[in-house]
Structures are given as C-alpha cells and as structure tokens.
Amino acid sequence: MLKEFKEFIARANVIDLAVAVIIGAAFGKIVTSLVEGIIMPPIGMLLGKVDFSSLFLVLDHSKGVPASLADAKAKGIPVVSYGAFINDIVNFLIIAIVIFLLIKAVNRMRRKDPSMKDCPHCPTAIPIAATRCSGCCVELQAA
C-alpha cells in the first residue's frame with residue numbers, strides 16, 4: 001500500500017495539482033488585497049460608504065426589538081442577516097470583474113506570433129510558410 005501511495009504522489013498530475021492549489025491560494029490573497037485595499041475604498045466613497053452587513057430581519061419579536069445585529073446576537077434573538085449575504089455577493093462580483101480584467105490583460109500579452117500558425121494535426125506552432133510540421137512531420141499545404 002505504501003508503494004501504491006508513493007506512485008500516486010509521484011504522478012505529475014498530482015504534483016501539478018498541488019502546485020496549482022498553492023499558487024491559486026497565493027493569487028487569491030493578491031486579488032483579495034487588491035480588491036479590499038485598492039478597489040473597494042473608492043467604490044465605498046462613491047456609494048457613500050454604504051455597508052449592507054448591518055441589515056437584518058428579526059424573526060422573533062417576543063424577545064424585543066434589537067438595535068443592531070450585534071445586539072440581536074448578544075440577546076439570542078433569531079434574525080436573518082441578509083445584509084452580510086448582499087455584501088458577499090457584491091464582493092464576489094467585484095472580485096470576478098477584477099479576475100476577468102487580469103486574465104484579459106494576461107491573454108493580451110500572450111497574443112500569438114503573426115508569423116506562426118498551428119499545425120492542424122498536432123499542437124505545434126510552425127512558421128506560416130512551412131510545408132512540413134516540425135513536430136509531427138506531416139506534409140502541409142503551402143500558405
């Protein structure tokens with residue numbers, strides 16, 4: 001069983017997945033820092049410092065009407081804190097837009113070389129004028 005476990009761990013895709021998770025977590029911290037520290041403050045100023053996190057709906061009025069969400073939690077009054085959900089949706093949308101813009105910028109930097117084309121038979125990039133693919137050696141029609 002130990003031998004099988006070693007083989008499983010030694011597979012390239014398991015190691016690649018581990019690296020992807022670690023890089024993804026680090027990238028997530030960068031994106032969160034960018035959104036919370038740079039993007040959200042101006043948006044907050046534009047929206048008049050609106051904070052939805054304190055919005056809630058009291059489910060049981062028999063224990064009194066709380067002045068705030070913290071007061072409701074301290075008194076044990078059941079509430080639906082829908083404001084936190086709205087905040088999380090807004091944060092998600094902003095993070096999604098930021099990631100989209102970052103990916104778009106990276107893709108723009110990685111544009112294909114106009115003097116190259118993809119081989120129709122394999123994933124090799126070859127010069128436009130090539131008559132034979134250097135990767136799979138298939139004969140190509142001249143451009």
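Start with the largest pocket, which holds about 170 Å³ of space; keep in mind that you are looking at a predicted model.

To bring the pocket up, select Met 40, Ile 43, Gly 44, Leu 47, Val 50, Asp 51, Phe 52, Asn 87, Val 90, Asn 91 and Ile 94, the residues that line it. Now colour that selection by character: you should get 7 nonpolar residues, 3 polar ones and 1 charged one.

Next, switch on the helices. Which of them supply at least two residues each to this lining? Pick α2, residues 12-46, and α4, residues 82-109. Of the elements involved, α4 puts in the most, with 4 residues of the lining.

Keep those two helices in view and go to the surface. Select Phe 27, Ile 30, Ile 99, Leu 102 and Ile 103, and you have a nonpolar patch. Taken together, these five side chains' residues show about 410 Å² of accessible area. Where does the patch come from? Once more α2 and α4 each bring at least two residues, and α4 is again the main contributor, giving 3 residues to the patch.

For a last stop, zoom in on Phe 27, a patch member that sits in helix α2. Is Phe 27 buried, partly exposed or exposed? Its relative accessibility is 38%, so Phe 27 counts as partly exposed: the partly exposed class runs between the buried limit of 20% and the exposed limit of 50%.

Methods
Residues are numbered from 1 along each chain as its sequence is written. This is a predicted model: local features need pLDDT of at least 70, side-chain atom pairs count only at pLDDT 80 or more; totals for chains, interfaces and linings use all residues. Side-chain values use heavy atoms; hydrogens and water are left out. On a 1 Å grid over the protein atoms alone, a cavity is a set of points where a 1.4 Å probe fits but cannot get out, and a pocket is an open set with protein on both sides within 12 Å along at least five of seven lines; lining residues have an atom within 4 Å of a point. Grid points are joined across faces, edges and corners, and a volume is the space filled by probe spheres set on the points. Ala, Val, Leu, Ile, Met, Phe, Trp, Tyr, Cys and Pro count as nonpolar, Asp, Glu, Lys and Arg as charged, and the others, Gly among them, as polar. Patches are made of residues with over 30% relative accessible area and no salt bridge: like charges are joined within 9 Å, nonpolar side chains (Val, Leu, Ile, Met, Phe, Trp, Tyr) within 5 Å. Accessible areas come from the Shrake-Rupley method with a 1.4 Å probe; for residues, only the protein chains shown count as cover. A salt bridge is a side-chain nitrogen of Lys or Arg within 4 Å of a carboxyl oxygen of Asp or Glu. Buried means under 20% relative accessible area, exposed over 50%, partly exposed in between (1.4 Å probe, protein chains only).
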